[in-house]
Amino acid sequence: MANSLALARRVETSRAIAKLRRLGATSCEPAWLKLWGFGLAQAGDSDPLAWLLTGQDLSRALLLPGGDFAVGDALSAGEAVFSDELRLDDEMSPQRDDVARQWLWERLAKPRLWHTRLILAEPTPVWLPLWLGYRHGRHHRLVIVSGMSGEPLVRLKPAVLAGLAKRHAEGEGAARRA
């Protein structure tokens, strides 16, 4: 399996807080979500033109343009500074059939992608930087903003909620053993 990569966080704290406040959040925190990157290439080519980032809990993948992560966007996970930021880890890679189905839907939505195919190599674990915003009240609300562009990423909500639930369950298990 390929080494884990971490995409660089480009959105600084003040900009993320302002964006999350405009979206209704009252508090926020930086986080990292581990997704699985599948390379996309032209037929007959093995060098990726783009990446499809997905996880077990996602019904729709993120399409990340750019063939390699060497444009200053990626660091090896060992070089990345996670410090005390929240890390949401999806240990299991999604099944290739599920990824192929997600890629079919992306191609149907964007017909110019018809000649691009999934590369049959092993998926690459990719840590995606996020900003999580919370609004407390009668109904709790979670807002997710990309740490790379500052854009809202609604489609990642199932994966983030699953990761938060997993961390909560692990925390309760540790508390019971103590």
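Start by selecting helix α2, residues 96–109, in this predicted model. Put a distance between its end C-alpha atoms: they sit 20 Å apart, and that agrees with expectation, because 14 residues at 1.5 Å a residue should span 20 Å.

Stay on α2 and show the side chains of Val99, Gln102, Trp103, Glu106 and Arg107, which are buried. Look down the axis and you'll find that they cover an arc of only 140 degrees, so they lie on the same side of α2. The spacing makes sense: an α-helix has 3.6 residues a turn, so residues three or four places apart point the same way. Now spin the view to the face turned away from that buried side, where you'll meet the exposed residues Asp97 and Trp105.

What do the buried residues of α2 pack against? Select β2 (27–42), β3 (50–54), β4 and β7 (116–118), and you have their partners.

Keep β4 (residues 62–65) highlighted for the next stop, the largest pocket: this strand gives three residues to the lining, the largest share. The pocket has a volume of about 250 Å³. Of its 15 lining residues, pick out Leu62, Leu63, Leu64, Ser146 and Leu153, the closest to the centre. Colour the lining by character and you get nine nonpolar residues, two polar and four charged.

Finally, zoom out and colour by secondary structure. You should see three helices and nine strands, running along the sequence as β-α-β-β-β-β-β-α-β-β-β-α. Of the 178 residues in the chain, 42% are buried. And if you turn on contacts between residues at least 6 apart in sequence, 69% of them join residues at least 24 apart.

Definitions and conventions. Residues numbered from 1 in each chain as written. Predicted model: local features only at pLDDT ≥ 70, side-chain atom pairs only at ≥ 80, totals over all residues. Heavy atoms only, no water. 1 Å grid on protein atoms, 1.4 Å probe; cavity = no way out; pocket = protein on both sides within 12 Å on 5 of 7 lines; lining within 4 Å. Points joined across faces, edges and corners; volume = space filled by probe spheres on them. Helix = DSSP H or I, 4+ residues; strand = E, 2+ residues; numbered from the N terminus. Nonpolar A, V, L, I, M, F, W, Y, C, P; charged D, E, K, R; others polar. Expected span 1.5 Å × (residues − 1). Buried < 20%, exposed > 50% of the residue type's maximum accessible area, 1.4 Å probe, protein only. Arc of directions from axis to C-beta. Contact = heavy atoms within 4.5 Å.
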